[in-house]
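Me: Could you take a close look at the aromatic rings in this model, and at the parts of the chain around them? I would like one connected account rather than a list.

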Amino acid sequence: MDITLYFLLAVALCVIIFAKMALVIIPQSETKIIERLGRYYATLKPGINVIIPFIDRAKNIVVLTHGRYAYSSVIDLREQVYDFPKQNVITKDNVQTEINALLYFQIVDPFKATYEITNLPNAIEKLTQTTLRNIIGELELDETLTSRDTINTKLRAVLDDATDKWGVKVNRVELQDITPPDSVLTAMEKQMQAERNKRATILTSEGKKAAEILASEGEKTALINRAEAAKQQAILHAEGEAQARIRKAEAEAIAIQKITEAVGKSTNPANYLLAQKYIQMMQELAEGDKTKTVYLPYEATNLLGSIGGIKDLFKSE
């Protein structure tokens with residue numbers, strides 16, 4: 001009786017162990033490659049899967065865990081990121097530069113990732129390094145520093161095409177740091193400072209040039225305005241003199257007409273006016289400096305005759 005009980009317990013224990021080994025639970029976004037007697041049998045899906053213990057077994061592949069390579073039967077189907085260490089690359093202008101990159105990739109075909117490559121993480125790392133060296137070798141240092149997006153795009157395209165055979169999809173490549181040598185950094189700082197000084201000098205000279213242009217334009221405008229004002233003043237002055245002369249001429253014409261009417265046609269009005277001016281002049285000479293020399297016109301006799309005419313005019317009145 002005791003032997004039968006032990007036998008049943010042993011059978012039950014074996015059944016439990018066998019069932020536990022036969023039932024494989026796969027979490028979401030993970031899978032396993034099952035080999036039956038050494039040959040590929042199936043790719044397990046998330047959930048409960050049934051296998052034959054001791055006949056079916058999960059295939060181990062190399063994965064990167066905490067920066068170290070390790071073997072695991074679990075294949076993670078989520079997007080993964082690899083932070084590759086810095087590496088030395090040489091640019092087209094022979095400048096040695098340190099660059100490290102981040103690679104975002106995802107296993108889309110577990111069968112290829114298992115059987116097409118022996119060490120997938122190491123293969124991706126080495127491929128990234130060699131491809132990065134090739135791309136940087138075609139660019140000068142200045143282009144390397146200013147063309148990160150271009151480098152990322154080229155690198156992703158090459159890696160995605162090369163890793164397609166391994167069942168891997170490269171989604172993104174990001175360059176973290178580009179570190180030129182200290183001597184190059186010092187030269188770049190000096191160049192940057194020189195460029196800033198150059199821009200400052202150019203801006204200062206352009207400011208002075210603009211100020212001088214504005215000042216000359218202002219002076220030009222002022223000269224034009226003054227010339228226009230002087231012109232208008234001269235025109236107004238000339239017009240005033242013309243009007244004054246016209247008025248004076250009109251007044252003299254009226255005076256001559258009045259004199260003509262007063263003295264009659266027998267006496268020339270012009271002689272009358274000339275004699276009157278002469279008398280006024282003689283009066284001013286008599287009131288002024290006594291030692292002043294007086295020059296009489298050559299035709300003084302005619303003037304005296306005009307005065308005599310005035311005298312006869314007053315007598316007749």
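Reply: A residue is called buried under 20% relative accessible area, exposed over 50%, and partly exposed in between. The model is predicted, and on that scale Y115, with a relative accessible area of 31%, is partly exposed because its value falls between the two cut-offs.

Y115 is a good place to begin. A pair of aromatic rings is described by the distance of the centres and the angle of the planes. The count of aromatic pairs in the model comes to four. One of them joins Y40 and Y115, whose ring centres are 6.1 Å apart and whose planes stand at 85 degrees, so the pair is edge-to-face, an angle over 60 degrees being what that term requires. This contact links distant parts of the chain, since Y40 belongs to strand β4 whereas Y115 belongs to helix α2 (residues 110-115), 75 residues apart. Y40, at 37% relative accessibility, is likewise partly exposed.

Y115 also pairs with F111, and here the geometry is tilted, with 4.9 Å from centre to centre and 45 degrees between the planes. F111 and Y115 are both in helix α2, and because they are four residues apart there, about one helical turn separates them. F111 counts as partly exposed too, at 34% relative accessibility. Taken together, Y40, F111 and Y115 form one aromatic cluster.

Two further rings are of interest for the charges that sit over them. R36 lies over the face of Y41, at 3.8 Å from the ring centre. In the other case, the charged end of R172 is placed over the ring of Y104, 4.1 Å from the centre of that ring.

The loop that precedes strand β4 deserves a word as well. L37 lies in the loop between β3 (33-36) and β4 (39-43), and its phi is near 55 degrees, a positive value in a residue other than glycine. L37 is exposed, because its relative accessible area of 69% is over the 50% cut-off. A further positive phi, of about 70 degrees, occurs at F54, which is not a glycine either. F54 is found in the loop between β5 (47-50) and β6 (56-58), and at 71% relative accessibility this aromatic residue counts as exposed, whereas Y115 at 31% is partly exposed.

Methods:
Residues numbered from 1 in each chain as written. Predicted model: local features only at pLDDT ≥ 70, side-chain atom pairs only at ≥ 80, totals over all residues. Heavy atoms only, no water. Helix = DSSP H or I, 4+ residues; strand = E, 2+ residues; numbered from the N terminus. Buried < 20%, exposed > 50% of the residue type's maximum accessible area, 1.4 Å probe, protein only. Phe/Tyr/Trp six-rings, centres within 6.5 Å; stacked < 30°, edge-to-face > 60°. Lys NZ or Arg CZ within 6 Å of the ring centre and 35° of its normal.
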